[in-house]
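User: Could you walk me through some backbone and cysteine details of a protein model? I am new to this, so please explain each step.

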Amino acid sequence: MSVLKAEATSKWPIEPYKGLNYFTFADTPLFGQRDDEIEEVTALLTHVDVRVLLLHGCTGAGKSSFIRAGLIPRLQRMLTDYGRNFFHLSNAQSNDPILIRATSDPVARIYETLSSAANEGLLPENISAAVGAELSNPIATDRMDAIPSIIRVLKLLTQPPQRDLFILFIDQAEELLTLPSEPGISNTREAFFELLEQICFRRMDLRVIVALRTEYYGRLCSYLTIRPTNKLTPPADAWAGLMDYLLRVLREEEIAAAIRTPTSAIADRAQGSPPHSIYGFAYEDALPEMIARDLALHSGEASSLPAMQIVCKQLYERIVLREKRSTILVDDYIRFGRADGALDAYLVRSLREAATTVGLVPLTDRDVDIWAMVLSHVVGRTDGGTVQTLIADEKDLVSAATRRGIKETDALAMFHQMVQSSRRLLRLVGGEHGSVAFSLGHDSLGPSLLRRSTEARVRSEAEAQIIQERQERTLADAKSQALLAKEREERVVAETQAQLRLNKERERASQAIREERHKRHIALAVCSIFALVLLASCLLFVSTVISPLRERTKIITSYARLEQTSDFRLRLILLASAIRNGSEWPNSWFVDVEPTKEALRKVLLRSPAFGGTFEAASWNSDGTKFVSLRRGKLVVRDLTRNEDSSPSELAATAQGNVPPSIGLISSDDSGDQLVAAHVDTGTLSIGRVGSKLVSPDYQLPPPPKDVFVPRAEILGGRIRFILMHFAQNAISGVDVVQLPAEGGMTWKNTEAEPLEWRPREQQAFRQPALAEDCNLYAFVGRLADGYSLYFGQFGSALDAPFKFDHVPAVSAVTIARHCKAVVARDESTVHVISADRAKNTSRSLAALGEAAVITVPSAQQVQPMFAATPKGKQSTDWRLGWSSPGGLSVVDLDGDENPKLLASSPLLTGLDQNYVLGSLSFSPDGTRALMMQQATFNALVQVRQFDLDLDARQAALSKITAPLNLIHEACRVAKLQDGTNQMRSAERITWFGDPNAPQPCDGAN
């Protein structure tokens, strides 16, 4: 390590792509597409008022590579451009700049780095001895005490005769917020932020670049007392020395240009020769753009740069190095499985190479699945569905491996092979109390790892799901009994203590009376004192009760208005608590609860009218009746009157091991009939509402061998069985078997009607969408020149595909009620294509902002929750709906107007965004919506039913003026989310500061 000025590199790197390794100074010739950012950051560093620069970007944006291969080479030209140089700590052998990794104790890392440079004699002779003497003692355990020494060393490095600017790099600063502190060390966070602020307030020829991930930027700034300056800061505002800069994600065309960089035939001014003469290969026309589009779909909102490096490195090694060909073709890329296939191949190859290195037998596909499930402990998804890296302790990972039959020694050896730079499946990080912990080598591996582990886990968990649910119910019952016993014990103790206090109070009262008889001569003084105490109590009541109550009411009202999640339970409970407290005497004299009541009405307007968790659920064709299976009983709810029918029992001979598919059908002579289809036993149960169901003399046909689990739907007077054929762990085809009703309880079997859906040939990513009211189905496939919409009738040949113009990708498709149109949408546009193809209407969703985002299921071939229905009599008016990060987005398309979001915000569902199966349906008139979601294939069904006639709903809520009636309605709706309207202890501590605070909904159920 030495203090050096950057020097230009004049050689092309050995390899054209880096894989998961960051760019170094030697890789500068291949680093591109960041010229504007480099100039902007350089300008900021030369600004006289900048001391600390917060360089942040999403994971994989290339912050470390940007500093090493982009910014440092630019700073070397400072003498030419500005007449002044920067200097920094560099590695003596590689000349790479030293980026100090923050860990959980960045002050200690800075102290150690500067001390090491001084002790090795690599600093200028005039200050080396002084720096060594200043940092000779071990760093103080209270990191605040180390700041003066670091500041003095920085002054030595920047004071005359030194005329250049010293620059210090701090990398991965988010670790300060995510990693636990070492035991015995204090003020690790406080000291780091104090050091940054002192650097900002001191005049030194010093610049500090702090690199971190954008999702931690807000938390980091919350620890600082000064506000960062950015592009939006008014010029008149004074700069405090702290600047932020967002390193944006590269666009698709920039990713394509980066892919082509090693193939350029244009000579480079610095290197003298073109890169094509060094690496000797090229891409077929438009292949880089195809790769860039695939990477954008794979990475979502995260940066696709790391995934690009992996994909291109895999293609280069296989085609150019192994097959000795100079042109990489589109067919090569498709044969490789496109971007997902390349990333999967990297994951599998790295696991097998690690196993070979540690001496294990070659890994089979099942072994790879087991390791994928073990590694899934270091990857997860955010509420919005974005893949993120988690940190897992080494003991936890070893335990996960041993539970799946892997020896502890083999697991430890594999983990330490996975962190090698040639693989980077894992990254070694610090755990609690100095223990060893791992995180994912890079977030770009997350989607592939999640996909592989999810598919393996679904197969293994399907058999254990029922047993696990029974065990969980037994454990929950035991916990409930223990909790009740504890509450009884606490109540007895509280009553005993209250009686003791009452006895003591009585004794004190008696003593006071006795003393009063002997002290009548001081009665006037006692009265005066009493008056003063009373006045003080009133003032104390106002300051300790009323003022906090007003503030809490204001905070709760703001929270209900600004909270961005789809949770409605906590919103409603908190608003009910604020109204209850503000309406009680004497608080009602001082607190105005009308704004809070209005906020509660707005939340109720966006909340479901009915919902819950059931074993199975469905509704009838006109959306007026809802049927559910609850503890083996079928219950029909009239949604127009909010009344439940008498329960109906299933036929004993028809019951199977998994919940049946249920529904209502209408018959002219028999009225509404309940139907339950048991796909595992191949039997039906049929009967009238309120009576016990019977099994007709009918046996469902056995499914083909390649059908994983048949699925039944009961729609429009018929039973529809959907047979999904599986091949190579994916759905390869779909057949439909329909049983039309022929009066009473007589059923006629029909042959399977195959759908003309071939995923691989048509490049159809998701399975077809089936109409509710007819035999129409539709799906989107990819042709060589873009995306096309296919639709047709069950068992019939497909019509000619409908080709989209200038559509980058289609994420969901549905068939509108009444089968008048097929609706498809992508990230920013919705398309309505009439069933006769006579009209195609497109509308931009950009004005909807975050509400335009559609959440997709974790089962990749399943259609997202997306529905449509005609709105009014005009064919150009439509009502659409989809599941979004904020809940349920319901949008009206009226004529040529821009899409309008119902209620101005997504409706609140309170559902987890991570799901496997889900459905969304409108009633034919569009006044009701039904959302059903399952976390796994065999999980219970979570149901949300919304009334979309908001004017009528708002008028009904406006009539509820009494606080208790409004609280009762809020508590009723809050219970729909997860079956309870009681606040948890952690919530009561957060909002009321007391885990035993009264429950807002007690007495309102």
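Here are a few questions on peptide bonds, backbone angles and disulfides, with answers.

User: Is the peptide bond from W585 to P586 cis or trans?

Analyst: Happy to help, and do keep in mind that this is a predicted model. Most peptide bonds are trans. For the bond from W585 to P586, omega is near 5°. P586 sits in the loop between α21 (569-583) and α22 (594-606), and the bond leading into P586 is cis.

User: Is A286 buried, exposed or partly exposed?

Analyst: Let's first place A286: this residue belongs to the loop between β8 (282-283) and α12 (287-299). Its phi is near 70°, a positive value in a residue other than glycine. Buried means under 20% relative accessible area and exposed means over 50%. The relative accessible area of A286 is 45%, so A286 is partly exposed.

User: What is the phi of A903?

Analyst: Most residues other than glycine have a negative phi. A903 is found in the loop between β39 (900-901) and β40 (917-922), and is partly exposed at 28% relative accessible area. A903 is not a glycine, yet its phi is positive, at about 65°.

User: How many disulfides does the structure hold?

Analyst: A disulfide is a covalent bond between the sulfur atoms of two cysteines. One pair is C774 with C819, the sulfur atoms being 2.0 Å apart. Another disulfide joins C971 to C1001, S to S 2.0 Å. The number of disulfides held by the structure is two.

User: How many residues apart in sequence are the parts that C774 and C819 tie together?

Analyst: The torsion about the S-S bond of C774 and C819 is about -110°, so this disulfide is left-handed. C774 lies in the loop between β28 (769-770) and β29 (776-783), while C819 lies in the loop between β32 (812-815) and β33 (821-825). The pair therefore links parts whose separation in sequence is 45 residues.

User: Which helix holds C971?

Analyst: Both C971 and C1001 are buried. The torsion about their S-S bond is about -90°, so the disulfide of C971 and C1001 is left-handed. C1001 lies in the segment after α26 (985-992), and the pair ties together parts 30 residues apart in sequence. C971 itself lies in residues 963-978, which is helix α25.

User: What pattern do the disulfides follow?

Analyst: Here the bonded cysteines are counted along the protein chain. C774 is bonded to C819, and C971 to C1001. The pattern is 1-2, 3-4.

Conventions
Residues are numbered from 1 along each chain as its sequence is written. This is a predicted model: local features need pLDDT of at least 70, side-chain atom pairs count only at pLDDT 80 or more; totals for chains, interfaces and linings use all residues. Side-chain values use heavy atoms; hydrogens and water are left out. Helices (H or I, at least four residues) and strands (E, at least two) are DSSP runs, numbered from the N terminus. Buried means under 20% relative accessible area, exposed over 50%, partly exposed in between (1.4 Å probe, protein chains only). A disulfide is a pair of cysteine sulfur atoms within 2.5 Å.
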